Every structure is written in structure tokens, then in C-alpha cells.
Amino acid sequence: MKWNRFLSLLTAAVLTFSFTACGPSQDNSSKENTPPAQEESVQKVEEPAQKPEEPSKTPEEKPVIKVAALKGPTAFGMLDLMEKNENGSAQNQYEFTLVGAPDEIVGKISTGEADVAAVPTNLASVLYNKTQGKVQLAALNTLGVLYVLEKGDTIQSVEDLRGKTIYATGQGSTPEYALNMILEKNNLVPGTDVTVVYKTEHSEIPPLMASGEASIALLPQPFVTSVLMQNQDIRVALDITEEWNKAVDGASELAMGAIIVRKEFAEQNKDALNAFLDEYKVSAETVVKPENLEHAGALAEQFDIMKAPVVQKAIPECNIVFIDGEKMKEITSGFLQVLFDANPKSVGGALPDEAFYYTR
């Protein structure tokens, strides 16, 4: 009797095990056979993966910076940052405005429509004086990019400009004052020995050269490249950076473009501004790399700045830089001193003091 009862119990146990092993879920049997300590350990490892990830900041949560720039080298330096802003990977949220003439930027900075702007370097000083210190210089972004173009082959030196008419842009900013200083250092009086006709936007001049109405022009890159690509009869006659260096005997660099910021914005948004400067630096360094030129050209066309083939070819000639801190002060002060000595009006009547320079 006892033996028969033992066999019955053994048979029931075997059948129970068989049904469990063949059931729909093998995970349950595995879990049941896991020692309690091991099971607890497995659960603890899995818990973090089950927690929801922290959401990334939405555009509405990022600091907003309104940025204005000219459609040229200063905008080229921002291309990488503009792309990051569009895809949401920038540290701040940027509202970019691209314009054709410096006076449009002046209005936006003066009214607060722009917090940060890329402007001719001498204009930064003019605005500092005009606003009683309400703007600051944060960085230099462009060095010498000016060239004298000629449809023909008569201009070999600055002296050869005597009696000629030059079509140019940038009246009241660096191009005008740099050209005047170079002419005067070569004993030529602007308006008397050389006639300069100023246009509002760079894009106005190439058609004039193509039609023959203008035979000599002063233009910055990338418009130089654009003109040369369109007309094989036009050549680079003078490199203004070289002529500047001769005229000042190496006393300063030709600092064409700069980044300015409204002082009130800088004081209230220092972290966001510093993040912008860091991102701008990376952007400027990225777009000038040979392997990135094609993509930079495509971005310039995407953002309606200029056609991709022109930008791709012009960027290596645009002298795009990012210089801040003490080196910025050194280059800018030397540049403004040369302009002031030639014409105090070119820097706003007085050289800016130390408060002009934004420091981190």
C-alpha cells in the first residue's frame, strides 16, 4: 500500500513537470527555477532601462538670439551654425536676418531688432561712439577681402588709377576709408584725381561691368569670384590687402569685418552670448576646410545667400577668421588707429576705449 501510494505521487509529479515544460511560455519556467538572490539581481539591472529618457530641450526653452549679417563672407562663416540651428542641434535658438547693405544692420542694432550683428569693423567703432557705448566688439570675423577689378589691362599700380572712375560699394565703411587712405598714401586725392561712384549693394556692380558701363570696380570676395566666373575679360588688377600693407608699412592688418553685440544684451545674456561665440568659432573653422567647401556652397544656396559654385570657389579667398580676446584688441586698435589718423570720421570721431571690447 505504501509502495503503491509512493508510485502514484511520483507519477503525478512527473506529469506536472511535463505539462509545465511544454506550455506556452518558457520564460516563466526559467524564472521559477532562478534562485531568489539571482532573480532580484536581474530585476535591478533591468530597472534603469525601463525609465523614460530625459527629453531634450525644445526650441522654446533655448535662449533666443537675433543675428543680422551681410550676404557675404560674414554670412559664409555662419553657414555651419545656420544649419545646426535649422536642425535643432545649436545650443541657442537663432533668428538669422541676412541683408545686402550695412545701413540695414545699423537700423536693426539701434532699434534692438538684432542682438548680435556682423558689420564692417570701422562701423563697430562708429556705432560705439554714436550710441555712447551701447554696442561692444565681440570678435573679428573677416580680414582683407577687397580687390580692384579691371576690364582691360591698364591698371598695374595705384598710380595707374589717376584720372579713372572706380565703381565701389561700402560708402561710409571700411572699403571707402581703406581705399581713400591707400589713394592718399600714393599722392592721389579721392574725388579729384580719382572718381569713385558708390552703389548700395555689391550685386549692382557686376552687371555694370558686364555691359561695359564700368571698367574698374572695387569689390570684396565672393563677388570678385562671381564676376571673374562670368566674364573672362575681367581680371584682378590690385589686391587691396597688399596695397594696405604697403601704405601702413605693416603697422596694422586690414580688419574688414567684426561681430558686435548690444551691451545690454551681453550683460543680461552672458552665457548665451558666450555659447554663440563658441558655436560661431566652430562654424567659421568648419566652412573653410577643403573637404567642407562643397557642402558650404550648397548651404549658401539653400539659405538664399549666393549660388553654390561661386561660394565653393570663393570661400578660400574670403579670409574668414574668428579672433577674439587680446588678439582681437591688438588687431582692431591698430586698424582703427590707422583709419583715425587718416580721417577721424571713419571711426566715429574718436578711438574707442577699453569698454568697447567685450571680454568673457
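## Aromatic cluster and mixed sheet

Phe276 is buried, with a relative accessible area of 0% (buried means under 20%, exposed over 50% and partly exposed in between, with a 1.4 Å probe and protein chains only). The model is predicted, so local features need pLDDT of at least 70 and side-chain atom pairs pLDDT 80 or more, whereas totals for chains, interfaces and linings use all residues. Residues are numbered from 1 along each chain as its sequence is written, and side-chain values use heavy atoms, leaving out hydrogens and water.

**Aromatic residues**

Phe276 shares helix H13 (residues 270-287) with Tyr280; the two residues are 4 apart, about one turn of the helix. Helices (H or I, at least four residues) and strands (E, at least two) are DSSP runs numbered from the N terminus. Tyr280 is likewise buried, at 1% relative accessibility. Both residues belong to one aromatic cluster, together with Tyr94, Phe96 and Phe322. Within this cluster, Tyr94 is buried at 4% relative accessible area, while Phe96, at 22%, is partly exposed.

Rings of Phe, Tyr and Trp (its six-membered ring) pair if their centres lie within 6.5 Å; planes under 30 degrees apart are stacked, over 60 edge-to-face and the rest tilted. The whole structure holds 7 aromatic pairs, including the following.

| Pair | Centre to centre | Angle between planes | Class |
|---|---|---|---|
| Tyr94 and Phe96 | 5.7 Å | 40° | tilted |
| Phe276 and Tyr280 | 5.8 Å | 55° | tilted |

**The sheet and its helices**

An open sheet is built from 5 strands in the order S7-S6-S8-S5-S9, with mixed pairing. Strands S7 (195-199) and S9 (234-239) occupy the edges; each has a single partner strand, so one side of each lacks a neighbour in the sheet. From one strand to the next, the twist averages 30°. Two strands pair if DSSP finds at least two bridges between them.

At one edge, strand S5 (residues 146-151) runs antiparallel to S9 and is joined to S9 by 5 bridges. In this pairing, Leu149 stands opposite Val236 in S9.

Helix H8 (residues 174-185) lies across S5, S6 (165-169), S7 and S8 (216-220), and runs at about 170° to S7. Helix H11 (residues 240-248) lies across S5, S8 and S9, running at about 20° to S9. Angles run from 0 to 180 degrees between N-to-C directions, along axes fitted to C-alpha atoms, for helices over the stretch in contact (heavy atoms within 4.5 Å). Strands S5 and S8 thus appear under both helices' descriptions: H8 lies across S5 and S8, and H11 also lies across S5 and S8.
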